[in-house]
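Welcome! Have a look at the chains below, and then work through a few exercises at your own pace.

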Amino acid sequence: MSSIKDILTPFTAWKNVFKEPVTVKYPLTERPGAPRYRGFHKNDVQTCIGCGTCESICENEAIDMVAVAGFEAKDGDSGLRPKVDYGRCCWCALCVDVCTTGSLCLSNEYTWVDTDPDNFRFIPGVDEKSWDKNELGWKKPEGDYEFYGLKRVEMGELEPDERNHSFIEMIKGYSKQQAEKEADRCVECGICTATCPAHMGIPEYIKAIRNNDLEEGLRILYDTNPLPEICGRICTHKCESVCSVGHRGEPLSIRWLKRYIADQNPSEKYRAILETENLQKNGKKVAIIGAGASGLSAAHYLVKMGYEIEIFEKLSEAGGMMRYGIPEYRLPYDQIDKDINYILSLGVKIHYNVNVGKDITLKKMSEDFDAVFAGTGLHLGRSTCVEGTDHKHVYQSIELLRKITGGEEIHVAEKIVVIGGGNVAMDIARSLARLQKIKYGKVQVITTSLETEEKMPADREEVIEAREEMATVNPGWSPQRIEIVDGKIKGLHVVQCLSLFDETGKFNPQCNLDNKNFFEGDMIVESIGQGMDLSYITEDIKDHLEMGPRGRIRVNDNFQTSVPWLFMGGDTIQGPDVIHGIANGHKAALGIDKFLIEK
Amino acid sequence: MKKIIENLGYKFILYEVEYQRKNLTFVTVDKENTVQLLAYLRDYEGFKHFVLMTAVDWIEDGLFQITYILNNPKKKIDLAIRTKILREKAKMTTAHHLWNQVATYQRELKEMFGIDFPGSPRVNESFILEGWDNIPPMRRDFDTKKYAEETYFPRLGRGTNDPSEYMKQKLYPNE
């Protein structure tokens with residue numbers, strides 16, 4: 001039975017109509033994540049280099065490295081970018097904290113509704129999202145919160161006053177502890193491998209150091225580089241310039257780590273470690289002209305494939321520019337010998353003091369051997385040809401370096417001017433500085449180059465070390481003439497050099513003739529590049545050789561010339577660089593093998 | 001906050017005090033003193049609200065860290081109490097008598113980390129992992145990847161590239 005009260009009671013609720021509600025209005029319109037909230041990813045794809053470290057660290061395998069239109073693989077950038085699968089991401093942000101370039105971060109956006117689960121896989125920074133412009137969210141914390149060391153393990157070297165009066169090796173090398181600590185900084189991305197001309201397995205051999213398996217390390221080195229003691233000291237280490245760790249810190253000391261592996265393995269164990277004790281011969285013979293980097297490299301890989309190898313070397317010792325061009329304080333002779341002796345131990349023969357073209361003709365070689373590889377290098381100095389260069393105390397750096405190696409006495413004046421801004425110029429300046437220190441007790445060497453300080457082709461450390469040894473480096477000047485009074489050199493007149501190349505990229509130096517300078521000196525050394533001597537290639541062969549740009553002989557991908565039995569590599573083909581020479585020699589060896597199998 | 005910590009210091013041994021921000025401080029104490037400290041904070045310092053408790057596996061040190069977060073609603077501040085216990089046969093004094101919901105957290109920690117809280121109601125019952133037959137999954141020696149590969153099917157359409165291999169294909173495929 002109902003009463004009047006039951007009918008009226010519901011209406012009492014109406015009294016609340018105008019009261020402030022105590023509940024929150026739905027849907028939620030505004031509730032941003034906290035400033036450091038770990039929401040959806042953002043990636044600055046222009047800064048990202050696709051090193052894949054985010055993928056490697058992800059415990060949930062939520063990240064794939066995928067190709068993205070508009071990003072090509074190039075030196076220092078794989079062209080890949082991370083794609084995140086939010087079905088697996090747990091928002092831990094390890095990917096952000098390890099990111100080598102700092103391009104990756106998390107926004108504070110966490111709400112997103114979609115009916116298609118595949119939309120929850122996307123490439124941050126490429127697939128546009130509403131939170132791309134959110135400033136807030138998780139970024140790698142500042143301070144010493146780092147997953148890998150940003151600073152290099154310092155390399156011990158002789159102090160300038162310990163080294164400036166002798167040719168003792170100045171770099172001391174890493175200890176086991178130092179090498180392992182340095183190796184520990186590697187993130188194993190492998191971006192460096194493409195940039196290395198020999199495509200060495202860099203992350204792999206660094207890993208071998210971490211695992212203290214230096215025999216494995218040596219095997220990895222020899223897969224692509226049969227001169228590791230040499231390269232471990234004087235390689236131009238292009239790999240280090242693209243090292244992903246170098247984006248936020250100092251790149252790995254890849255060169256010194258390579259040296260560490262080679263230094264730690266005793267030469268008498270090489271053949272056992274590298275499993276080359278029982279090489280089978282295949283009955284074919286290949287001649288190699290020049291025992292430099294490319295020739296030795298080709299010899300090594302060919303002899304391993306079973307070829308009988310004879311090298312014809314013009315000088316009395318093997319090594320080419322590595323021995324005769326690079327001073328002993330950078331590359332001691334016993335280390336060159338260690339690499340070369342191993343190659344000789346495999347059965348490679350070297351005929352020393354043989355001048356191909358005079359003592360034996362190329363034609364005769366082509367008859368006696370199945371193929372010929374020429375790695376004859378750049379051994380002729382170039383002259384600036386300014387007034388006065390015909391004076392007897394104007395020298396070519398390359399000749400002086402060769403004489404210093406050969407133990408010959410050279411003229412060392414009290415005041416010397418070196419023209420050139422490359423590594424060879426630094427080598428001769430620093431060698432002469434040492435000889436001056438020994439002879440006069442003081443250093444008065446000045447080097448000058450067309451290029452300004454920033455554009456000098458020499459490695460930065462070479463310039464710094466030259467200055468530490470009291471040589472003066474004064475770049476940005478163009479030589480005009482050598483002043484000679486009463487038959488004696490007084491110095492070099494120069495004017496300011498403004499630019500080297502014109503708009504078309506052609507070498508065409510522009511100078512400011514009003515800004516003059518004079519470098520005092522009684523001896524001048526020219527070090528502005530080297531040329532090749534191909535006089536051993538006789539006309540009948542030359543007629544069949546196709547030439548490429550800049551007077552170089554054209555070769556195909558296998559370093560084969562248009563004369564099928566003649567292969568060429570090294571500095572004559574790719575310019576002065578040891579590691580390119582080694583890579584050329586290796587590729588030529590594979591090319592020769594292919595050619596002789598198909599023949 | 002400093003005042004509260006100073007007071008606590010007279011009554012308990014505090015190992016580490018970390019002022020994370022104005023309204024949040026972390027304090028590390030002995031396992032034996034933890035529960036009495038929680039009771040003291042609740043009854044004398046106004047930390048009436050229990051926010052949460054959680055654990056961290058410091059497998060290298062052979063320890064579990066347990067963290068309790070308490071809130072003082074009047075002063076609007078949080079205080080987190082950390083303690084470390086041995087990882088092997090991990091056992092911790094229960095605190096369910098201070099706040100009822102602690103029992104639920106302790107049940108979860110038993111399941112996820114294998115930390116026992118003797119006397120805690122229903123602590124041995126499954127929390128969310130019914131029929132779990134492996135080591136507790138939040139322990140760091142639990143191989144999540146292996147488990148996932150054995151248990152679930154892979155998502156279609158996924159595929160990745162090794163940067164170094166990819167660069168070889170693109171830049172020097174014939175070498």
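The exercises below each pose a task and then solve it step by step.

This is a predicted model, in which local features need pLDDT of at least 70, side-chain atom pairs count only at pLDDT 80 or more, and totals for chains, interfaces and linings use all residues. Residues are numbered from 1 along each chain as its sequence is written, chains are lettered from A and ligands numbered from 1 in the order in which they are written, and side-chain values use heavy atoms, with hydrogens and water left out.

**Exercise 1. Find the domains of chain A, and say how far apart the centres of domain 1 and domain 4 lie.**

Step 1: Take the domain bounds, which come from an automatic or database domain assignment. Domain 1 covers 27-147 and domain 2 covers 164-273. Domain 3 is made of 285-379 + 560-598, and domain 4 of 381-530.

Step 2: Compare the C-alpha centres of domain 1 and domain 4 of chain A: they are 52 Å apart.

**Exercise 2. Work out how strands E15, E16 and E17 of chain A are arranged.**

Step 1: Recall how strands are named and paired. Helices (H or I, at least four residues) and strands (E, at least two) are DSSP runs numbered from the N terminus, and two strands pair if DSSP finds at least two bridges between them. Strands of a sheet pair through backbone hydrogen bonds, either parallel or antiparallel.

Step 2: Read off the order. The three strands make an open sheet, E15-E16-E17, with antiparallel pairing. The edges are strand E15 (477-485) and strand E17 (507-520) of chain A, each pairing on one side only.

Step 3: Look at the twist. On average, neighbouring strands of this sheet are turned by 25° against each other, direction ignored. Such axes are lines fitted to C-alpha atoms, for helices over the stretch in contact, and angles run from 0 to 180 degrees between N-to-C directions.

Step 4: Zoom in on one pair. E15(A) and E16(A) run antiparallel and are joined by eight bridges. A:Ile482 is found opposite A:Leu492 in E16(A).

**Exercise 3. Decide whether A:Lys490 is buried, partly exposed or exposed, and list its contacts.**

Step 1: Locate A:Lys490, which sits in strand E16 (residues 488-501) of chain A.

Step 2: Apply the cut-offs: buried means under 20% relative accessible area, exposed over 50%, and partly exposed in between (1.4 Å probe, protein chains only). A:Lys490 has a relative accessible area of 39%, so this residue is partly exposed.

Step 3: Search for contacts, meaning heavy atoms within 4.5 Å. Not counting residues up to four places away in sequence, A:Lys490 touches A:Glu483, A:Val485, A:Phe518, A:Phe519, A:Glu520 and A:Gly521.

**Exercise 4. Describe the surroundings of A:Thr100 and A:Gly137.**

Step 1: Place A:Thr100 in the loop between helix H3 (94-98) and strand E4 (104-106) of chain A. With a relative accessible area of 1%, A:Thr100 is buried.

Step 2: Note some residues that A:Thr100 touches, including A:Ile49, A:Tyr148, A:Ser244 and A:Arg248.

Step 3: Turn to A:Gly137, in the loop between strand E5 (121-122) and helix H4 (160-163) of chain A. A:Gly137 is buried too, at 8% relative accessibility.

Step 4: Look along the chain. A:Pro35 is 102 residues from A:Gly137 in sequence, but their C-alpha atoms are 5.4 Å apart. Among the contacts of A:Gly137 are A:Pro35, A:Tyr37 and A:Leu106.

**Exercise 5. Which residues lie nearest the centre of the largest cavity?**

Step 1: Define the space. On a 1 Å grid over the protein atoms alone, a cavity is a set of points where a 1.4 Å probe fits but cannot get out, and lining residues have an atom within 4 Å of a point. Grid points are joined across faces, edges and corners, and a volume is the space filled by probe spheres set on the points.

Step 2: Count and size. The whole structure holds five cavities of 30 Å³ or more, and the largest cavity has a volume of about 110 Å³.

Step 3: Inspect the lining. Of the 15 residues that line the largest cavity, A:Cys186, A:Cys189, A:Cys192, A:Cys243 and A:Ser244 lie nearest its centre. H7(A) gives the largest share of this lining, three residues.

Note on methods. 1 Å grid on protein atoms, 1.4 Å probe; cavity = no way out; pocket = protein on both sides within 12 Å on 5 of 7 lines; lining within 4 Å.
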